[in-house]
Amino acid sequence: MSIGPSYGEAVAEAELGFEHRPPPGRGRGFRRPRGLALVVVLGLIAFFTFIFVLPLLQAFWYSLNIYDIQTGASKFVGTRMYERMLADPQFWNGLRVAFLFTGIVIVVGLVLQLATAVVMTTFRGIPKTLLITIFFLPAVLPNLAVIIIWKALFRVDFGLVDLVTVGLGAQPLPWITDGTLALITIVTLTVWKYLGYGAVIFMAGLNDIPEDLYEAAQLDGAGRVRQTFAISLPLLKPLMLVQLVASFITLLQFFDPFYALTNGGPSGATQTLILYIYNTSFLRLNFSYAAAMTTALFVILLAVSAIQLYLGRHQLRSEGHG
């Protein structure tokens, strides 16, 4: 008398149990952290809403009202602040200066950053660690410290730049008191400060390009210049697009050098829109008008960034990058 199933029955039961076995990772002792993932996502949404969305909505609401700081009373005025903004020549001057500064820094800065990265990754025998440290050092220095140094260098009375200029037999130049020269000085400061930062990013992108491409191009007789324009720069276009959009958003809101070096002078030649918003809000205490200009600046940043991304991605897709 058998006390258990036969061998054939045991094999059949084992096969049946194997077919109904739950997939790996779904046993009793393992559960997917769906609840934790949901909490993290909701936390990020709440953080983004509290930090970004609510202040933006609050600024838009302030732009539709006039507030009395002493009493706290408010009066709804609708779009009156925006009508004033469109008729304000200082608003358009601040926007023009900001776009001019941003365009020059992006063009000059990206060219120098790319050139520095190509030289550092292409030519051998260069002390790369030392040069990277020298180039990257200004990026980690505090903005205020850099501005104080530059203000001392470009002083009219005893600045080092003018002392060197006089020593060479030339006339000293009003680097900070002349409108055009003041803007050039701030542009030079910005390009110098962030040269190493952008160069390091582009160097990382160049190091990710396979060496096989350069070896094949070299076998075909292409020199280093030809390899740069035929291989390096085309493959860096996605990274260049990211740098372009990020630089545009940052530079259009640049504040420190315009405030500490020239304070918008002379005669508004270096008064960007963000500096005009600051003066309107904290010096003239006109928070409603400042909120209207802040909302307009956000819309401009959003629109231009969207256009840049659309055109850039369209160009990359047409060239087969994505």
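Helices here (H or I, at least four residues) are DSSP runs, numbered from the N terminus. Just after one of them, H13, Leu-285 takes a positive phi of about 60 degrees. This is a predicted model: local features need pLDDT of at least 70, side-chain atom pairs count only at pLDDT 80 or more, and totals for chains, interfaces and linings use all residues. Residues are numbered from 1 along each chain as its sequence is written, and side-chain values use heavy atoms, without hydrogens and water.

**H2 against H14**
- The axes (lines fitted to C-alpha atoms over the stretch in contact) of H2 (residues 34-63) and H14 (residues 287-318) come within 7 Å.
- They cross at roughly 130 degrees (scale 0 to 180, between N-to-C directions).
- That makes H2 oblique to H14 (neither under 35, over 145, nor 65 to 115 degrees).
- Contact (heavy atoms within 4.5 Å) joins H2 residues including Phe-52, Leu-56 and Phe-60 to H14 residues including Ala-291, Thr-295 and Phe-298.
- The contact residues divide into 8 nonpolar (Ala, Val, Leu, Ile, Met, Phe, Trp, Tyr, Cys, Pro), 3 polar (the others, Gly among them) and no charged (Asp, Glu, Lys, Arg).

**H11 against H14**
- H11 (residues 237-251) packs on H14 at about 170 degrees, with the axes 10 Å apart.
- That makes H11 roughly antiparallel to H14.
- Leu-241, Leu-244 and Phe-248 are among the H11 residues that meet H14, where the partners include Leu-301, Gln-308 and Arg-313.
- This contact has 10 nonpolar, 3 polar and 2 charged residues.

**H13**
- In H13 (residues 273-283), 8 of 11 residues are buried (under 20% relative accessible area, 1.4 Å probe, protein chains only).
- Among them are Leu-273, Tyr-276 and Asn-279.
- Their cover includes H4 (89-122), H12 (256-262) and H14.

Definitions and conventions:
Helix = DSSP H or I, 4+ residues; strand = E, 2+ residues; numbered from the N terminus. Buried < 20%, exposed > 50% of the residue type's maximum accessible area, 1.4 Å probe, protein only.
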